[in-house]
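Welcome! Please take a moment to look over the sequence and the structure below before reading on.

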Amino acid sequence: METLSIPTTRREQFVDVTAQVRQALARSGVRDGLLLVHSPHTTAGVTINENSDPDVPRDMLAWLRAAIPQAGPTGDPFRHDEGNADAHLKASLMGAGQTLPVRDGQLVLGTWQAVFLAEFDGPRTRTLHVQAVGR
Amino acid sequence: METLSIPTTRREQFVDVTAQVRQALARSGVRDGLLLVHSPHTTAGVTINENSDPDVPRDMLAWLRAAIPQAGPTGDPFRHDEGNADAHLKASLMGAGQTLPVRDGQLVLGTWQAVFLAEFDGPRTRTLHVQAVGR
Amino acid sequence: METLSIPTTRREQFVDVTAQVRQALARSGVRDGLLLVHSPHTTAGVTINENSDPDVPRDMLAWLRAAIPQAGPTGDPFRHDEGNADAHLKASLMGAGQTLPVRDGQLVLGTWQAVFLAEFDGPRTRTLHVQAVGR
């Protein structure tokens, strides 16, 4: 298992970590199997989506921000006293981790797919774990 | 790893791929381990839910369509110029892939569970990767 | 693979199953690899988030309840005749399962992370499958 360190610069941000994940896979020696990218945080998750047009992650974050306000739903406001209950929910909606196939020593991603750290309570320095299994 | 080809016929559609996934598992020879179904697309994901009553996938799609309009949130419209930013977000909310247990050579699914390709920007011919690890 | 039995006491509830998952891992003998926690249900999922402040799961459930009413979206109500279409959708949004890294025989979780059964149509007795792969 390898641990990556990923700095974030805004409260909500998708950071493309595909290159670091590919490097961790190469060091693992796994050629055929599965690779997990896991966020050990509760206000940042992992998602897989497009990073060709930067408007795609921007739009995804815009909807999440509009739909899940920091104050919580009207009539039943969030109570968590750190003021980041929205970030916890957003992290669970994206998922704490994503699993990908490995074939011929390569991460199997579609042409437009990137692996993102999904930050919802930055800026911070975040950690991601990369674990590969197989042969 | 096996690659399945799945045609879709509507913009938004859940296509039950359970039978094809079971066949790919049988060909893999894995009897005890994990199986990943991965979508290499950014506007189609994978989810696991009920396919006994077709109203279940219908209702799930109805909520997603109402909650995530193609135009984006009021006051902060989507900018992605392909007009499918909603589909990118819906794919990430369902997940790019789902991992399932394998025991005695069988996919472990609950009585009512089916594996769906979750199409959000069809109709198209989509691809799914199936990768099993274990022994 | 091990199967856990988890009683729930409310319609919507996050039940912390981290201790039972750790025990199942210990019995598996896997020291380095991946562990999957899978819900075989279609109205209960699995998510990873904070269980230090009970307001975090409370707030997450409050938003889901407000955003996804049992009746469905205004103008296009849910049709599934069991009246739990909302629970099916919530389960898919959280995910049917979560995969975690295993290192040195230990489940790799962040300081604040817990594994939750996410119940959306209880109270019931639910089942979770725990499957570890690796060496």
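The report below covers how the chains are arranged, how two of them meet, and some salt bridges.

## The model and its symmetry

A first thing to keep in mind is that this is a predicted model.

How are chains B and C related? A rotation of 120° places chain C on chain B, with 0.0 Å of shift along the axis and an RMSD of 0.0 Å. That is the relation of a three-fold axis. If you would like to find this axis from chain C, look for C:Leu93: of the C-alpha atoms in chain C, that of C:Leu93 is nearest the axis, 3.5 Å from it.

## Where chain C meets chain B

The size of an interface is often given as the accessible area lost when the parts come together. For chain C and chain B, the buried area is about 2,500 Å², with 62% of it on carbon and sulfur atoms. Chain C gives 27 residues to the contact and chain B gives 30 residues. Do the copies meet through different surfaces, or through alike ones? Only 15% of the interface residues of chain C are also interface residues in chain B, so the copies meet through different surfaces.

Now for the interactions across this interface. There is one salt bridge between chain C and chain B. In it, the side chain of C:Asp76 meets that of B:Arg58, with 3.4 Å from N to O. Polar contacts link 15 residue pairs across the interface, counting pairs with both residues at pLDDT 80 or more.

Which elements of chain C give two or more residues to the side that touches chain B? They are β3 (32-38), α3 (85-94) and β8 (125-134). The largest share comes from α3(C), with five residues. By residue type, this side of chain C divides into 14 nonpolar, 10 polar and three charged residues.

## A threonine shared by three chains

A:Thr99 is a good residue to visit next. You will find A:Thr99 in strand β5 (residues 97-103) of chain A. Is A:Thr99 buried or exposed? Its relative accessibility is 9%, under the 20% cut-off, so A:Thr99 counts as buried.

Leaving aside neighbours within four places in sequence, A:Thr99 touches A:Leu34, A:Leu35 and A:Leu36 in its own chain. From the other chains, A:Thr99 is in contact with B:Leu36, B:Thr99 and C:Thr99.

## Salt bridges within the chains

Over all chains, the count comes to 36 salt bridges. One of them, in chain A, joins the side chains of A:Asp121 and A:Arg11 at 3.8 Å, N to O. A:Asp121 lies in the loop between β7 (113-119) and β8 (125-134), and A:Arg11 in the loop between β1 (2-7) and β2 (13-16), so the pair ties together parts that are 110 residues apart in sequence. A:Asp121 is buried at 15% relative accessibility, while A:Arg11 is partly exposed at 24%. Both residues also belong to a network of salt bridges that links A:Arg11, A:Glu12, A:Arg65, A:Asp86, A:Lys90, A:Asp121 and A:Arg124.

In chain B, the side chains of B:Asp121 and B:Arg11 meet in a salt bridge at 3.7 Å, N to O. This pair links distant parts of chain B, 110 residues apart. B:Asp121 counts as buried at 16% relative accessibility, and B:Arg11 as partly exposed at 23%.

One more pair in chain A deserves a look. The side chains of A:Arg126 and A:Glu119 form a salt bridge at 2.7 Å, N to O, and both residues are buried.

How values were computed: Residues numbered from 1 in each chain as written. Chains lettered and ligands numbered in written order. Predicted model: local features only at pLDDT ≥ 70, side-chain atom pairs only at ≥ 80, totals over all residues. Heavy atoms only, no water. Least-squares fit on C-alpha atoms with pLDDT ≥ 70 in both. Contact = heavy atoms within 4.5 Å. Buried area = accessible area lost by both parts, 1.4 Å probe. Salt bridge = Lys/Arg side-chain N within 4 Å of Asp/Glu carboxyl O. Polar contact = N/O pair within 3.5 Å; in protein donor to acceptor, adjacent residues only side chain to side chain. Helix = DSSP H or I, 4+ residues; strand = E, 2+ residues; numbered from the N terminus. Nonpolar A, V, L, I, M, F, W, Y, C, P; charged D, E, K, R; others polar. Buried < 20%, exposed > 50% of the residue type's maximum accessible area, 1.4 Å probe, protein only.
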